[in-house]
Amino acid sequence: MTKKPSLIGGACIIASVCVGAGMLGLPSAGAGSWTIWSILAITLTMAVMTVSGWLLLEAFKHYDLSVSFNTVTLDMLGSKVNIFNNLTVYFVGGILLYAYTTSFGLILQGSLGIDSKLASVLFVFIASSLVWHSTRAVDRISIMLIATMILTFVFGVFGLTVHIDTASLFDTINQQGQYAKYSMALLPIALTSFGYHHSVASMRAYYKEERKAKYAILGGTLIALTLYIIWVLSIFGNLPRGSFGPIIAQDGNVDVLLKALGDVVESQKIAQAINAFSMAAIVSSFIGVGLGVFDYLADLFKFDQSKAGRTKTWAVTFMPPLVLSLFFPFGFILAIGYAGAAATVWTCIIPALLVLKSRQKNIHLPNKSGQNFVVGGGKFVPYFILLFGVATALFHILTMLDMLPVFKG
């Protein structure tokens, strides 16, 4: 008798996809909006992104369990929309893999003195081998990584929380501080921090039904949200708002943030725990994002599940980001900001369009999983998700054009 996959395993996969970008990007990206407005923006984004994942599950329900984003979008929205969607999915997955690869190399160079490029190469080949092996291997290692993150997070963050300065946390020194206007620029980074949607098809195939996949998604995003809020409170309670100027000037590179944090942490063990947590977050997100992109490209290029087929999928998934990381490294926040703008297409806009089309086209067709899975809220929900996605992409474009306020420390 085959053991059924656990909800905690799936939730850990979803959480692991999210937490790398969020943990490492949100403090620098949220420095302008600071504590209250950052938490509000992150929580709103979590709710929207959870529901948009459920919309995908509803859109997929009339298709075989092995189907992916590519096949469903092509069938429902046509080849032109599908090509554009494919480009944005690969761009976001690729740029996140690129950002994690670069960041991991820089962290190892700073902590162990290993050449960053050599560290990046070793990291990619070791971590990606788990994705090449199987989804269950990713499940198992994700649980281990989440456990490692929890232990190092508890130890490291406990050391930070006992030293939280409320004057820093609420920026009471800066009496004329403005925060709300900077939250618009935070939304693309927050959206990237919950960008698990390329893994929705993998979750549905893993559980062989929509309802369990729904709860795994909710569990994963709740884990990520909880970690984000505790992390933001800990960072902002220890690093004053003005200290983020040099970090932002370096495009929010993770090694610069960790060095700044290490300078204000009295205990070396706490600083090491925070470094270990950051590395575990990068590894977990790398393999989580890698799994989603791997399955997506396997379906797109019709590579089979043989060793040779999986090796081809591995090459197109992991080699381009590694090569770009070695030759063209640039800032972490800059990278995930672009990822967030592009991700609005397949995390908000396409899911909303798919479910609206699905309800119109397939209302009388039987569900492949045997469930009648429908997201509540009628048409309001997909239209709200659609509007949120368009607004977030627009905020990023306006920020790049210096037409929205950008905090520089």
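1. Threonine 344 counts as buried because its relative accessibility is 1% (buried means under 20% relative accessible area, exposed over 50%, partly exposed in between, with a 1.4 Å probe and protein chains only). Threonine 344 belongs to helix 15. Leaving out residues up to four places away in sequence, threonine 344 touches Leu191, Ile349, Gly389, Thr392 and Ala393, where contact means heavy atoms within 4.5 Å.

2. Basis of the note. This is a predicted model, in which local features need pLDDT of at least 70 and side-chain atom pairs count only at pLDDT 80 or more, while totals for chains, interfaces and linings use all residues. Residues are numbered from 1 along each chain as its sequence is written, and side-chain values use heavy atoms, with hydrogens and water left out.

3. Overall make-up. The protein chain has 16 helices and zero strands; helices (H or I, at least four residues) and strands (E, at least two) are DSSP runs, numbered from the N terminus. Along the principal axes, the C-alpha atoms of the protein chain fill a box of roughly 60 × 45 × 40 Å. The radius of gyration of the protein chain is 20 Å, which agrees with the value near 22 Å for a compact globule of 409 residues. That radius is taken over C-alpha atoms, and the globule rule is 2.2 Å times the number of residues to the power 0.38.

4. Burial, contacts and surface. Of the 409 residues of the protein chain, 57% are buried. Among contacts between residues at least 6 apart in sequence, 86% join residues at least 24 apart. The exposed area of the protein chain is about 16800 Å², and carbon and sulfur atoms supply 68% of it; accessible areas come from the Shrake-Rupley method with a 1.4 Å probe, and for residues only the protein chains shown count as cover.

5. Charge. The protein chain carries 26 positive and 17 negative side chains, and the centres of the two sets are 10 Å apart. Lys and Arg count as positive and Asp and Glu as negative, with His and the chain ends not counted. Each charge is placed at NZ of Lys, CZ of Arg, CG of Asp or CD of Glu.

6. Helix 16. This helix covers residues 380-400, and its 21 residues reach 30 Å from first C-alpha to last, close to the 30 Å expected at 1.5 Å a residue; the expected span is 1.5 Å times one less than the number of residues. The buried residues of helix 16 include Val381, Ile385, Phe388, Gly389, Thr392, Ala393 and His396. The buried residues of this helix pack against helix 2 (34-60), helix 8 (183-192) and helix 15 (332-361). Gly389, Thr392 and Ala393 are among the contacts of threonine 344.

7. Helix 13. With 34 residues, helix 13 reaches 48 Å from its first C-alpha to its last, close to the 50 Å expected at 1.5 Å a residue. Because 26 of its 34 residues are buried, helix 13 is largely enclosed by the rest of the structure.

8. Helix 9. Residues 200-207 form helix 9, which is mostly covered, with seven of its eight residues buried. Arg204 is one of the buried residues of helix 9, as are Tyr206 and Tyr207.

9. Positive phi. Most residues other than glycine have a negative phi. Lysine 302 has a positive phi near 60° and follows helix 13, in the loop between helix 13 (268-301) and helix 14 (307-327). Lysine 302 counts as exposed, at 61% relative accessibility. Aspartate 402 also has a positive phi, near 60°, in the segment after helix 16; its relative accessibility of 64% makes it exposed. Just after helix 9, lysine 208 takes a positive phi of about 65°.

10. Two loop residues. Glycine 32, in the loop between helix 1 (7-29) and helix 2, is buried at a relative accessible area of 3%. Aside from neighbours within four places in sequence, glycine 32 is in contact with Gln178, Tyr179, Tyr182, Arg241 and Phe407. Asparagine 174 lies in the loop between helix 7 (166-169) and helix 8 and counts as partly exposed, at 32% relative accessibility. Not counting residues up to four places away in sequence, asparagine 174 touches Tyr179 and Arg241.

11. Separations. Glycine 32 and lysine 259 are 227 residues apart in sequence and 20 Å apart in space, C-alpha to C-alpha. For asparagine 174 and lysine 212, the C-alpha separation is 47 Å, with their positions 38 residues apart in sequence numbering.
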